[in-house]
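I opened this notebook to follow one strand and its surroundings, and I wanted to write down each thing as I looked it up.

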Amino acid sequence: MAVYRTVVVGTDGSDSSFAAVDKAAGVAADAGATLVVVCAYHPASRQDVERAQDELGDEAYQVVGSAPAEDTLQSARDRAAKAGAANIETVALEGQPVDMLRKVVKDRKADLLVVGNRGLNTLAGRILGSVPAEVARKSGVDVLIVHTT
């Protein structure tokens, strides 16, 4: 089996994606690899920001912009550390999940990409495509699809 040096895992904060983080952390720990946890996000529209500020006041920062992604990444980092990963990096990027995962894989010269299987067995996933299916086709590196559902 190949020894991985850099493992990238995607998370959106869902239970399914956190299960993938746990598995990726275990693989990274066993290989002595760097684990890079990625969260792609979409910025809130001006209307969403104004509505959040009206309803939440000073607390609006928690639900707009990259703040939710940063919170997700902190939770993922904590889980990864508990699973044994020692060298953990986090990346929040604005954009589509598949594109951002491919970008980080390329930029970090990763040799393994880990994602959960969420969306693979749904009708929408079969018609519209799913993150696991797309990254498996397009990533150019080994892909581990973790059974999470």
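I began with the two faces of β1 in this predicted model, and I found both of them covered, with Thr6, Val8 and Gly10 buried on one side and Val7 and Val9 buried on the other. I reminded myself that side chains in a regular strand alternate between the two faces of the sheet. Five of the five residues of β1, which spans residues 6-10, are buried, so I noted the strand as largely enclosed by the rest of the structure.

Next I asked which strands pair with β1. I found five bridges to β2 (residues 34-41), in the parallel sense, and in that pairing I saw Val8 standing opposite Val36. Between these two strands the chain passes through helix α1 (residues 15-31), and I recorded this β-α-β crossover as right-handed. The other pairing I looked up is with β4 (residues 112-116), which runs parallel to β1 and is joined to it by three bridges; there I noted Leu112 as the bridge partner of Val7.

I then turned to Ala110, which I located in the loop between α4 (97-107) and β4. Is Ala110 buried or exposed? Its relative accessibility is 8%, and because buried means under 20%, I entered Ala110 as buried. Leaving aside neighbours within four places in sequence, I listed its contacts as Thr6, Val8, Val105 and Val141, and I marked Thr6 and Val8 as residues I had already met on one side of β1. Last, I looked up Ala33, which lies 77 residues from Ala110 along the chain, while their C-alpha atoms are separated by 9.9 Å.

Key. Residues numbered from 1 in each chain as written. Predicted model: local features only at pLDDT ≥ 70, side-chain atom pairs only at ≥ 80, totals over all residues. Heavy atoms only, no water. Buried < 20%, exposed > 50% of the residue type's maximum accessible area, 1.4 Å probe, protein only. Helix = DSSP H or I, 4+ residues; strand = E, 2+ residues; numbered from the N terminus. Pairing = 2+ DSSP bridges. Right-handed = clockwise from strand over helix to strand, strands pointing away. Contact = heavy atoms within 4.5 Å.
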